[in-house]
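Student: Could you take me through one part of this model closely, the active site that UniProt records, and then show me how its surroundings connect to the rest of the chain?

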Amino acid sequence: MAHRDVVVVGASAGGVEALRDFVSGLPADLPAAVLVVLHMPGGGRSALASVLTRPSSLPVRAAIEGAPLVPGTVTVGVPDRHLLLTEDERLTLSLGPRENGHRPSVDALFRSAAQVAGPRVIGVVLSGALDDGASGMLAIASRGGAAVVQDPTEALYDSMPRTARGAVGAAHVLPAAEIGPLLGRLTREDLGDDVQVAPAPLDMRMENAMAHLDGESWGAESHPGDPVPLTCPDCHGPLFRIPDGVLHRFRCLVGHAWSAESLAAQHTSAVEGALWMALRTLEEKAELSRAMAARASAAGHELTGRTFEERADDAHQAAVLVRDLLERATRDTPVVPEDGVA
């Protein structure tokens, strides 16, 4: 009898606390391999495996390239590498393009597991901001896998579990500490003798190939999705809309992936950066014009001095307008903490 024996877990902001509660509830005899991705900064090392070892009854280890899936273990992703599952069900650590600005990416892990293991996969989305994990959970559900999300009312940041639940429609919703016992039951359910993992849809295979960075060249004619008049914040290349029927997602020509929400947040950040640059330039222009006005007046060139004073006033008034725009932009932008654990 086939069983669900691959559990993939994703978390972001507030995820360390949720993961501690999650692993504390895992049964000591869990007959499944657990793979965990926490969005984290790209530089340095991660102490996540050590942090999760104490509350877990299962061994916790950092991912190693080429390692096989081992039931009854928890494997955590490492900084600046996607944690993915290969067709022969081994782990690989990829420098593939970032998804929603993240590497490792929750969506990349979920999507690769969905392609390889299909109905044997259980996806778990814990605390996090924005909508990371939703497209990956949708991929798992579309392949017959099971969906579990942390109760959004319990999560420190409810956006990720709430959006993932909305994407798949039917999902188990539980506090993080109660998900482990549920996994114990789900992994022991018989899926039947004739469970076959059907070939994944072409778009899913193409997206997974991008994440694996397999060296294949992606042109406009072979790219998943349809071109749209938007550009990628990472590389400024053209974006393509990915047709998944529920979520609005995009990929660029070289593979960087963005959800609509993450793309909008990135654009907001870019606008803020441009406004700060404009403010600095205007303040410098005003200061320089004042200095030139003073020099002209000292030399007896009153008309020239008044011209530079007018320029300084114009630059100052423009700077006041930019400051007002900045105040509005920062007031309307949600505060998202840095993800991960150092």
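Tutor: Happy to; we will begin with the whole chain, move to the recorded site, and then follow one helix outwards.

A word on ground rules: this is a predicted model, in which local features need pLDDT of at least 70 and side-chain atom pairs count only at pLDDT 80 or more, while totals for chains, interfaces and linings use all residues. Residues are numbered from 1 along each chain as its sequence is written, and side-chain values use heavy atoms, with hydrogens and water left out.

The chain has nine helices and 13 strands; helices (H or I, at least four residues) and strands (E, at least two) are DSSP runs, numbered from the N terminus. Its C-alpha trace spans about 95 × 45 × 35 Å along the principal axes. Of the 342 residues, 49% are buried, where buried means under 20% relative accessible area, exposed over 50%, and partly exposed in between (1.4 Å probe, protein chains only). The chain is divided into domain 1 (2-191) and domain 2 (222-334), with bounds that come from an automatic or database domain assignment. UniProt, in an unreviewed entry, places "domain: CheB-type methylesterase" at residues 1-180. That stretch is 29% helix and 22% strand.

Now to the site itself. The unreviewed UniProt entry places the feature "active site" at S12, H39 and D132. These residues gather at one spot, because no two of their C-alpha atoms are more than 9.5 Å apart although they span 121 residues in sequence. As for the record, UniProt positions are given in the numbering used here, feature names are shortened, and annotations may be inferred rather than shown by experiment.

S12 lies in the loop between β1 (6-11) and α1 (15-24), and is buried with a relative accessible area of 3%. D132 belongs to the loop between β7 and α4 and is buried too, at 4% relative accessibility. Beyond its neighbours within four places in sequence, D132 is in contact (heavy atoms within 4.5 Å) with H39, N100, H102, D107, M160 and S262. So which of these partners deserve a second look?

Take N100, one of the partners of D132. N100 sits in the loop between β6 and α3 and is buried, with a relative accessible area of 11%. Its phi is near 55°, a positive value in a residue other than glycine. The loop between β6 (91-94) and α3 (106-117) also holds P104, which a cis peptide bond joins to R103, with omega about 15°.

S262, another partner of D132, comes from helix α8 (residues 260-298). S262 is buried, with a relative accessible area of 5%. Setting aside neighbours within four places in sequence, S262 is in contact with N100, L130, D131 and D132. Across the two domains, 14 residues of domain 1 are in contact with 15 residues of domain 2, while the C-alpha centres of the domains lie 37 Å apart.

The loop that carries D132 also holds A129, which is buried at 12% relative accessibility. A129 and A146 are 17 residues apart in sequence and 22 Å apart in space, C-alpha to C-alpha.

Next comes α4 itself. Seven of its nine residues are buried, so α4 is largely enclosed by the rest of the structure. The buried ones are A134, S135, G136, M137, L138, A139 and I140. After α4 comes G144, whose phi is positive, near 90°.

Finally, α4 leads us to the second largest pocket, giving the most to its lining, with four residues. Here a pocket is, on a 1 Å grid over the protein atoms alone, an open set of points where a 1.4 Å probe fits, with protein on both sides within 12 Å along at least five of seven lines; lining residues have an atom within 4 Å of a point. Of the 13 lining residues, A139, M204, E207, D244 and R249 lie nearest the pocket's centre. Two or more residues each come from α4 (134-142), α7 (202-212) and β11 (238-243). The lining draws at least three residues from each of domain 1 and domain 2.
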